[in-house]
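Visitor: Could you give me a close look at the side-chain contacts here, and follow them to wherever they lead?

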Amino acid sequence: MNRLPRRITVALQGGGSLGAFSWGVLDRLLDVPGLEITAASGASAGALNAAMLVQGLAKGGPTEAQHALEILWRRVAVASGSLDFAGGDLLQAVLTPILRAVRRSGPEFTGISLNPLGLNPLRSILDGLLDPGAFGRPGAPMLVVAATRARTGEPRLFCDGEVTADVLLASACLPHLFPAVDIGGEPYWDGGYASNPPVRALIEAGAPSDVVIIRTTPTERSELPNGTAAVRERSTELAFGAALRQELRSIAHAQRLLSEHLEEELPPSSPLARLQSARLHMIGADTEFRALQAANSLDTSWSFLTRMRDLGQRTADDWLEQNLSSLGVASTLDLSGCELPLIARATGVGVLGEAADHRIPA
């Protein structure tokens, strides 16, 4: 017998226009009776999705959340000129030349040279749509948004009422397109560099143990890129995927150590107990993502966005059919291959004087 309600955390990767895939996945998750999203995290496009999701759930429930997500991506489509709303001409005039320049640009192009006025069309997209007052109110899901400290490369996680339009702009600030976003005297870049998306921090803070990661990048590519532009695009893709790999490695390592060496039962509310009991799941479309070019992440046409939304809906339908019964019971994401490889010294003694099968902490 299924236990209801099932409470879950969703963690949403960035990925530019590929974030419309997450829109489609969320649209389906919100339709599942008894499935409650009570915490959400995200970086970059994932942060925008998370904010609209939480705002909608806080103000009107699943239907309102679905509506807010659709309005967000309809507004994004204005950047390609494929849809209209007030201010759309400005967005098209600002963003379209920038995207064209990025597609043909080399390393010598910077955010300043491509966008000398420092205009950010995301601000117009959020204007009149975002309601930060919905975050952190009683009954609202937890919201965590990641940005990267430009000076140090460290992540900064903004929670609930800390999330503003500037925080979302910082989380989605690609430095080759837009100037850094200043928050409290600190310049921030895209959250995808440092925490894409936040996972472990939510688990330790008490978010639901079932964490559904919605991935918008392929887990691997079978062929090496050919040519300068392709290498540059793949390098960016690797950089934005590294944060998630590190998150999963850290969780896998912690769970293994806890299962092998913990002798006493932990208080259920402790961060270590939460890590030990965390159940991870992942929804992605590897085959379809591998068929895309990295430059597709800049395609803001309505036709491409709805194509990604539809892919997200189909992928979520398949995932739910196979895995819904596992929520609240067991992980469906295998973390066994996430830890770092073994290192053994020639003497057979590990780097800390232990046996040669010592693992480096994640």
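Guide: Let's begin at tyrosine 193, which is partly exposed with a relative accessibility of 32%; buried means under 20% relative accessible area and exposed over 50%, with partly exposed in between (1.4 Å probe, protein chains only). A word on the model before we go on: it is predicted, so local features need pLDDT of at least 70 and side-chain atom pairs pLDDT 80 or more, while totals for chains, interfaces and linings use all residues. Residues are numbered from 1 along each chain as its sequence is written, and side-chain values use heavy atoms, with hydrogens and water left out.

Tryptophan 189 is also partly exposed, at 33% relative accessible area. Together with Phe240, Trp189 and Tyr193 make up one aromatic cluster. In the structure as a whole there are five aromatic pairs, that is, rings of Phe, Tyr and Trp (its six-membered ring) with centres within 6.5 Å, stacked if the planes are under 30 degrees apart, edge-to-face if over 60 and tilted otherwise. One of these pairs joins phenylalanine 21 to phenylalanine 289, edge-to-face, with 5.0 Å between the ring centres and 75° between the planes. Phenylalanine 21 belongs to helix α1 (residues 19-29) and phenylalanine 289 to helix α11 (residues 286-291), so this pair ties together parts that lie 268 residues apart in sequence. Helices here are DSSP runs (H or I, at least four residues), numbered from the N terminus. Both partners are out of reach of the probe to a degree that counts as buried: phenylalanine 21 has 0% relative accessibility, and phenylalanine 289 has 2%. Back at our starting point, the rings of tryptophan 189 and tyrosine 193 have centres 6.5 Å apart and planes at 50°, so their pair is tilted.

Helix α11 brings us to charged contacts as well. The side chains of aspartate 286 and arginine 290 meet in a salt bridge, 3.6 Å from N to O, where a salt bridge is a side-chain nitrogen of Lys or Arg within 4 Å of a carboxyl oxygen of Asp or Glu. These two residues sit four residues apart in helix α11, so about one helical turn separates them. Aspartate 286 is partly exposed at 23% relative accessibility, and arginine 290 is partly exposed at 33%.

You will find a similar arrangement of positions in helix α3 (residues 62-77), where arginine 74 and glutamate 70 are four residues apart and hence about one helical turn from each other. Their side chains also form a salt bridge, at 3.0 Å from N to O. Arginine 74 has a relative accessible area of 33% and is partly exposed, while glutamate 70 is partly exposed at 28%.

The whole structure holds twelve salt bridges. Among them is the one between the side chains of arginine 309 and aspartate 310, with an N to O distance of 3.0 Å; aspartate 310 is partly exposed, at 28% relative accessible area. Salt bridges also link Asp27, Arg28 and Asp317 in a network.

Arginine 290 leads on to the second largest pocket. Of the 14 residues that line this pocket, the closest to its centre are Arg221, Glu223, Pro225, Arg290 and Gln293. The second largest pocket has about 340 Å³ of space. A pocket is an open set of points on a 1 Å grid where a 1.4 Å probe fits, with protein on both sides within 12 Å along at least five of seven lines; lining residues have an atom within 4 Å of a point. Its volume is the space filled by probe spheres set on the points.

Helices α9 (228-261) and α11 each supply at least two residues of the lining, and α9 gives the most, with four. By class, the lining of the second largest pocket has six nonpolar, two polar and six charged residues; Ala, Val, Leu, Ile, Met, Phe, Trp, Tyr, Cys and Pro count as nonpolar, Asp, Glu, Lys and Arg as charged, and the others as polar.

To finish, stay in helix α9 for arginine 245. Arginine 245 is partly exposed, with 36% relative accessibility. Its C-alpha atom is separated by 9.5 Å from that of threonine 219, and the two residues are 26 residues apart along the chain.
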